[in-house]
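This report covers a helix pair and the empty spaces in one protein chain.

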Amino acid sequence: MIYQTIYLAAGGTGGHIFPALAVAEAMNARGYHSVLFTDRRGEKLLADLEALPVKIRVINAASPFQSGLLRRMRAIIKLGLGAWSCLWQIGLKRPRVIIGFGGYTSFAPLLVSRLFNVPVMVHEQNAFLGRANHAIASHAKLLALSWPQTENLPDGVQIHVTGMPVRHAFFNNKRPCSVNDEELVLTVLGGSQGAGILGKLVPDAIAMIETPLRSKVRIFQQARPEQIAELKARYKALTIRASIKPFFANMPSLLTKSDLVISRSGASSIAELAATGRASLLLPLSSAMDDHQTANAAQMEQVGGGYCLDEATISPAFLATRIMQLFEEPDQLRAMGKSATALASPGAANDIANLAEALITKTNRPDLGATA
């Protein structure tokens, strides 16, 4: 088989990278060879995963909207270095198409690809179009969206609503939520930026849960490396069985065995909860650009799959009450898990692959997804 190369570009967080991996799986199944441009953060994140569907190309990148003139100048220099790196890599081996998934790491590869007349498309994961994607969208052939109500869209761009691509392992591991009276599995996910507050809030809340119920709880918690020792000591003192890690590589199987998930509400997290059908308590990251995590959490709350909590007002007592309420009402947990699946898009990765192939063959496929 003669492989044709396609490029993907994504910022170094899971919210950008995991959708790119899902599309890479779909493209590879069609005989393409996928290469991913990302930054050092992305390289570190991918190092914990096995059997990657992409080859990795690491480039320099940073946000030019940082506070302080010096930091902005450094960011611009990094973006320039990233563009120079892309210039020779893309010029040396031009792909059939390039797909950007957001983050400033995707900016240089997509712009350089346009210089070489490579078809460009963009996928937006959140319900609010990010700055990097907004800047590049006018240079792209089309823009694929996860949510039909996405805000901040540019004019004059061909738009398709494909849904949020999720790796097939999440759908393969999908099962109905079946609450076990002997063990209640609580999974706590903070993401790359949001684990800090959860490392204090959750154990404080668990300590307030009545002992008969608390003795049944088992916790899997994502935490910052500097939090792990303290968290282990706290849960040990509460006689809670807990697994604390900075990153869980087996996320599909972890979500599948979870009864309740406390999580930040990045688009990738929402999509994975929907794919596996898990009930959730969502705590949007208050510092997220354009408050897109609140918009994501609102989507889940509207379908009945989770509750959107406010970081500014949440207290351990309130969180403890909500956890107890759900663990004592298994029928509600099951109903929430089932409702969460309304946001799942099992065909999203293939729809994006279809759109990419349409660009490669220069055909128009308006039947794929809803066109805005």
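In this predicted model, the axes of helix 13 (residues 316-327) and helix 14 (residues 330-340) cross at roughly 95 degrees and come within 6 Å. Angles of 65 to 115 degrees count as roughly perpendicular, and helix 13 and helix 14 are therefore roughly perpendicular to each other. On the helix 13 side, the contact is made by Gln 325, Leu 326 and Phe 327, which meet Pro 330, Gln 332, Leu 333 and Met 336 of helix 14. By class, the residues of this contact are five nonpolar and two polar, with no charged residue.

The model also contains enclosed space: the count is one cavity of 30 Å³ or more. Its lining consists of Phe 18, Pro 19, Met 164, Pro 165, Val 166, Arg 167, Phe 170, Ser 268, Ala 271 and Glu 272. Helix 1 and helix 11 (267-276) are the elements that give two or more residues to this lining. Helix 11 has the largest share, three residues.

The second largest pocket is lined by 13 residues, and the closest to its centre are Glu 25, Leu 49, Glu 50, Ala 51 and Arg 167. Helix 1 (14-28) and helix 6 (168-172) each supply at least two residues of the lining of this pocket. Arg 167 is listed in the lining of the largest cavity and among the residues closest to the centre of the second largest pocket.

The volumes and lining classes are set out below.

| Space | Volume | Lining by class |
|---|---|---|
| Largest cavity | About 40 Å³ | seven nonpolar, one polar, two charged residues |
| Second largest pocket | About 260 Å³ | eight nonpolar, one polar, four charged residues |

Definitions and conventions
Residues numbered from 1 in each chain as written. Predicted model: local features only at pLDDT ≥ 70, side-chain atom pairs only at ≥ 80, totals over all residues. Heavy atoms only, no water. 1 Å grid on protein atoms, 1.4 Å probe; cavity = no way out; pocket = protein on both sides within 12 Å on 5 of 7 lines; lining within 4 Å. Points joined across faces, edges and corners; volume = space filled by probe spheres on them. Helix = DSSP H or I, 4+ residues; strand = E, 2+ residues; numbered from the N terminus. Nonpolar A, V, L, I, M, F, W, Y, C, P; charged D, E, K, R; others polar. Axes fitted to C-alpha atoms, helices over the stretch in contact; angles between N-to-C directions. Parallel < 35°, antiparallel > 145°, perpendicular 65-115°, else oblique. Contact = heavy atoms within 4.5 Å.
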